[in-house]
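Please open the structure in your viewer and keep the sequence panel beside it, so that each selection can be followed in both places. The tour goes from one stop to the next, with a short look at the whole chain at the end.

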Amino acid sequence: MPEVTVRNLAKTFGDNSVLGDVTFTIKDGEFFTLLGASGCGKSTTLNCIAGLEQPTEGSITVGGRPFVDTSAGVFLPPEERNLGMVFQSYALWPHMTIAKNLALPLAIRKIPKDRQKTLIHDALDKVGLAELSARYPHQLSGGQQQRVALARALVYSPTVLLLDEPLSNLDAKLREQARAWLKRLQEELGITTVYVTHDQEEALALSDRIAVMEGGNMIQIGTPHEIYERPAAPAVAAFVGRCNFLTGRVIGQEGKRYSILLDCSADVVRVDSDEKLPGGDSVTVAIRPERLEVVPTSGTASGTNRLTTQVLTSSYVGSRYEYDVRLGDQVVQVLSGHGGLSGEVSLVFEPAHALVYADKVELPEEQRDLLTVSP
């Protein structure tokens with residue numbers, strides 16, 4: 001399967017810029033996910049690769065073959081790109097049987113009918129639906145329809161598979177099952193895959209690499225582990241998983257360990273960072289809820305940072321407890337295996353478990369309202 005290269009991709013609609021200088025390369029056989037909130041440009045990027053949108057600027061090559069090059073006036077129409085695409089709505093023809101839905105792209109490519117039968121059976125067999133070829137879409141469950149849409153995209157052996165939020169119409173339990181099945185199938189086929197989603201767990205579970213997008217730009221590309229554990233910007237930390245943000249300023253340094261005076265409580269915390277943070281600089285400390293622990297104030301849990309907080313809420317969610325604790329005038333979220341805590345508790349964490357960003361994070365107003373409490 002070929003490599004996909006996108007360079008300096010830009011797209012505008014009138015005065016509205018939806019993509020700005022997007023550049024990335026997808027390796028042969030890689031599962032590559034475009035992740036971001038609605039309106040970030042991920043579906044527009046996918047549609048540019050598919051040929052459903054014509055970029056304003058930039059180039060796209062697949063396997064060394066130019067699909068788009070605005071500087072040279074190259075734009076290959078969708079039917080000449082040999083890409084398989086699955087849409088969010090599945091886009092199955094309701095008046096056609098499953099077999100006829102799969103036959104349509106083969107007929108367009110003028111594949112002989114006897115060959116079509118073999119290709120249709122093989123594609124449906126890959127998704128476990130060979131015995132349902134005579135049924136109509138309305139006779140199938142949502143999960144089965146999703147598999148049919150995938151089989152239709154695979155039936156003519158595309159060079160690259162494009163998936164635009166194909167699991168979003170499934171309920172939560174079925175989505176978990178479908179993404180595990182989809183990952184196994186992609187690995188078995190070894191097909192280069194570009195996947196679009198706003199679901200962070202889905203992206204982490206499926207992807208070899210993830211590109212996090214915001215405002216038409218890519219703000220980080222990395223493995224799921226890199227994206228989650230070492231987010232390059234506060235926006236990545238905020239979007240992928242939950243994260244607490246504590247603003248403050250640098251008041252001391254010993255090697256790579258910095259002392260930060262927090263704005264919310266006037267407590268001093270120590271955090272590790274490879275970046276140079278000059279004294280007096282405003283910074284943001286970011287820490288995941290699962291990296292924090294709450295213990296009774298008389299407890300002996302180890303931790304370089306130990307702050308006095310007050311439990312506001314406690315919820316049991318099966319595998320863990322979720323706490324909201326008050327640190328000064330801010331709410332901090334904690335995930336813990338220990339329940340039954342109330343009143344005054346100690347918030348404990350190690351310096352290596354926090355990230356430090358050199359700028360203060362300006363959270364949206366609605367998020368600030370959730371994370372602050374009155375004195």
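**First stop: helix H1**

Begin by selecting Lys42, Thr44, Thr45, Leu46, Asn47, Cys48, Ile49 and Ala50, which are the buried residues of helix H1. This is a predicted model, and in it helix H1, residues 42-50, is mostly covered, with eight of its nine residues buried. Step past the end of the helix and you come to glycine 51, which follows H1 and has a positive phi, near 95°.

**Second stop: aspartate 164**

Now select aspartate 164, which has its place in strand S8. Which residues does aspartate 164 contact, once its neighbours within four places in sequence are left aside? They are Ser43, Leu46, Met85, Val86, Phe87, Gln88 and Val196, and Leu46 is one of the buried residues you selected in H1. Aspartate 164 is itself buried, yet it has no salt bridge. If you also show lysine 42, you will see the nearest side chain of opposite charge, which is 7.2 Å away from aspartate 164; a salt bridge would need a side-chain nitrogen of Lys or Arg within 4 Å of a carboxyl oxygen of Asp or Glu.

**Third stop: helix H5**

Select residues 172-189 next, which form helix H5. Because a helix is expected to span 1.5 Å a residue, the 18 residues of H5 should cover 26 Å, and the end C-alpha atoms are indeed 26 Å apart, which agrees. Colour Arg175, Ala178, Arg179, Trp181, Leu182, Lys183, Leu185 and Gln186, the buried residues of this helix. When you look at the spacing of such a set, it helps to know that an α-helix has 3.6 residues a turn, so residues three or four places apart point the same way.

What covers the buried residues of H5? The cover includes strand S3 (31-35), helix H3 (113-126), helix H4 (142-154), strand S8 (160-164), strand S9 (192-197) and helix H6 (200-206). Strand S8 is also where you found aspartate 164 at the previous stop. Just after H5 you will find glycine 190, whose phi is positive, near 65°.

**Fourth stop: tryptophan 181**

Stay in helix H5 and select tryptophan 181, which lies there. Its relative accessible area is 9%, so tryptophan 181 counts as buried. Not counting residues up to four places away in sequence, tryptophan 181 touches Lys126, Val127, Gln146, Arg147 and Leu150. Then draw a line from its C-alpha atom to that of leucine 206: the two residues are 25 residues apart along the chain, and these atoms are separated by 10.0 Å.

**Fifth stop: two asparagines**

Most residues other than glycine have a negative phi, and the next two selections depart from that. Asparagine 8, in strand S1 (residues 4-13), has a positive phi of about 50° although it is not a glycine. Asparagine 82, in the loop between strand S6 (74-75) and strand S7 (83-86), also has a positive phi of about 50°. Are they buried, exposed or partly exposed? Asparagine 8 has 42% relative accessibility, so it counts as partly exposed, and asparagine 82, at 27%, counts as partly exposed too.

**Last stop: the whole chain**

Finally, zoom out to the protein chain, which has nine helices and 21 strands. Its C-alpha trace spans about 75 × 50 × 35 Å along its principal axes, and buried residues make up 46% of its 375 residues.

Terms used. Residues are numbered from 1 along each chain as its sequence is written. This is a predicted model: local features need pLDDT of at least 70, side-chain atom pairs count only at pLDDT 80 or more; totals for chains, interfaces and linings use all residues. Side-chain values use heavy atoms; hydrogens and water are left out. Helices (H or I, at least four residues) and strands (E, at least two) are DSSP runs, numbered from the N terminus. The expected span of a helix is 1.5 Å times one less than its number of residues. Buried means under 20% relative accessible area, exposed over 50%, partly exposed in between (1.4 Å probe, protein chains only). Contact means heavy atoms within 4.5 Å. Lys and Arg count as positive and Asp and Glu as negative; His and the chain ends are not counted.
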